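Visitor: I am new to protein structures and would love a guided tour. Could you take me through this one, a piece at a time?

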Amino acid sequence: MEQWTKYWRKTTALNSFAEGQSALGYYGELELLWQAQLKHLANNASLLDIGTGNGGLAVLCYQYGRILNYQWSIHAIDAADINPILNKYEDQTINAAISQIKFQGNTPAEALPYANDSFDLVCSQFAIEYTNIELALPECIRVLKHNGKFVAIMHHQDSSIVADSYIGLRVLDLFMVESNVFVNIKMLLELAAVLILQGTNIKSSEKFNQLNRALFQQFKQLQGHFCDEATAKWCQRFIASIVPLLYELTPQSPALLEDYLRQLVLYRLRLMDQIKATLTTNHQHEIEKLLSKYQVKYSLENVVIDRKIFGTLLEVNKFN
Ligand SMILES: C[S@@+](CC[C@H](N)C(=O)[O-])C[C@H]1O[C@@H](n2cnc3c(N)ncnc32)[C@H](O)[C@@H]1O
């Protein structure tokens, strides 16, 4: 869980896969989809968000409840050591929502700390599929009230998010495992640190200039390695995150590189988690087999956003 704990503690993004607008939660067609799931709930309904992260879905639920003028009681759990209340947003409605949601970190979905029949809605956005579903899904059903509903949007094997993660992992592996680019960066930064501490002008060191030129050559080669746009974008993204380390040289640069590499390893783990969590046809059959043992009605369907497959929607109604 370290990869998720460190991620959520470092970012104020409300949701994972957060870029630009989506860093402040779910919006557009996805927001409407969730609102359609929420609109039938009563004034005093209780909700639980599974694998909440920084609370993107829980905040969406809270804000929609306020639009309806309802007082929903919202709980949100995550196996990672989350604490969204520490995050502060310019948008005060987000801060207000977070202060009202009962977040609980270090809480795996496989052992929910709630009594049977506690919630009207249990929901999850890109999270239930990360759990041991054979244990977590029965737990979600157990804590649902009679006539309650479990709704989850899961990663779809044909979604662009998943396709993009495969590419990211491929590029990351090229940088971290197949090429020796980080060995060369380390050499350069260590040399720079020694030169700075000696009081020598870095630029006057022939060895430094040689290593520097070789490194930029290597960046060019790595960029040229891929010809399709999506892969080149990932490559560019990694290079852009490395370049500041090379421009601001200080005696601390080698330590900063070590820190950057530790983050990259955790990032790689999150990409791998996501790829492993992706719902394949086999996983889908396992879920269906599992659900057939319970007194529930369920459906699984594709979620299409901007005319592209975004995820798989699972709806489970507990009817006894
Ligand atoms: C891709 S993130 C999604 C977070 C959030 N729902 C969102 O939409 O941004 C997956 C989350 O699932 C959590 N998770 C993974 N395994 C879990 C488990 N067994 N029980 C509860 N949460 C889990 C991770 O810690 C992570 O925060």
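Guide: Happy to! This is a predicted model, and a good way in is a pair of strands. Strand E1 (residues 46–50) and strand E4 run parallel, joined by 3 bridges.

Visitor: Which residue of E4 stands opposite Leu 48?

Guide: Strands of a sheet pair through backbone hydrogen bonds, either parallel or antiparallel. E1 and E4 are a parallel pair. Opposite Leu 48, in E4, stands Val 122.

Visitor: And which residue in E5 does Val 122 stand opposite?

Guide: E4 also pairs with strand E5 (residues 144–154), in the parallel sense over 6 bridges. In that pairing, the residue opposite Val 122 is Phe 150.

Visitor: Through which helix does the chain cross from E4 to E5, and what is the handedness of the crossover?

Guide: The two strands are parallel, and the chain passes between them in a β-α-β crossover. The helix on the way is H5 (residues 133–143), and the crossover is right-handed.

Visitor: Is strand E4 largely enclosed or left open?

Guide: A residue is called buried if 20 or more other C-beta atoms lie within 10 Å of its own. In E4 (residues 119–125), 6 of the 7 residues are buried. The rest of the structure therefore leaves E4 largely enclosed.

Visitor: What covers the buried residues of H5?

Guide: The buried residues of H5 are Ile 133, Ala 136, Leu 137, Cys 140, Ile 141 and Val 143. An α-helix has 3.6 residues a turn, so residues three or four places apart point the same way. The cover over the buried residues includes helix H11 (281–291) and the strands E1, E4, E5, E6 and E7.

Visitor: Which strands stand at the edges of the sheet?

Guide: The sheet is open and has 7 strands, in the order E3-E2-E1-E4-E5-E7-E6, with mixed pairing. From one strand to the next, the twist averages 15°. An edge strand has a single partner, so one side of it is left without a neighbour in the sheet. The two at the edges are E3 (102–104) and E6.

Visitor: Which residue in E7 is the bridge partner of Glu 301?

Guide: E6 (296–305) and E7 (308–318) run antiparallel, with 10 bridges joining them. The partner of Glu 301 in E7 is Leu 313.

Visitor: Are helices H7 and H10 roughly parallel or roughly antiparallel?

Guide: The axes of H7 (residues 181–198) and H10 (residues 253–277) come within 8 Å and cross at roughly 155°. Angles over 145 degrees count as roughly antiparallel. H7 and H10 are therefore roughly antiparallel.

Visitor: How many nonpolar residues does the contact of H7 with H10 have?

Guide: On the H7 side, the residues include Phe 182, Ile 185 and Leu 189, while those in H10 include Pro 254, Leu 257 and Leu 261. By class, the contact has 1 polar and 2 charged residues, and its nonpolar residues number 8.

Visitor: Phe 238 caught my eye. Leaving aside neighbours within four places in sequence, which residues is Phe 238 in contact with?

Guide: Phe 238 is in helix H9 (residues 229–247). Phe 238 has 21 other C-beta atoms within 10 Å, so this residue is buried. Phe 175 is 63 residues away in sequence, yet the two C-alpha atoms are 8.5 Å apart. Neighbours within four places aside, the contacts of Phe 238 are Val 171 and Phe 175.

Conventions. Residues numbered from 1 in each chain as written. Predicted model: local features only at pLDDT ≥ 70, side-chain atom pairs only at ≥ 80, totals over all residues. Axes fitted to C-alpha atoms, helices over the stretch in contact; angles between N-to-C directions. Helix = DSSP H or I, 4+ residues; strand = E, 2+ residues; numbered from the N terminus. Parallel < 35°, antiparallel > 145°, perpendicular 65-115°, else oblique. Contact = placed C-beta atoms within 7 Å. Nonpolar A, V, L, I, M, F, W, Y, C, P; charged D, E, K, R; others polar. Buried ≥ 20, exposed ≤ 12 C-beta atoms within 10 Å, placed from the backbone. Pairing = 2+ DSSP bridges. Right-handed = clockwise from strand over helix to strand, strands pointing away.
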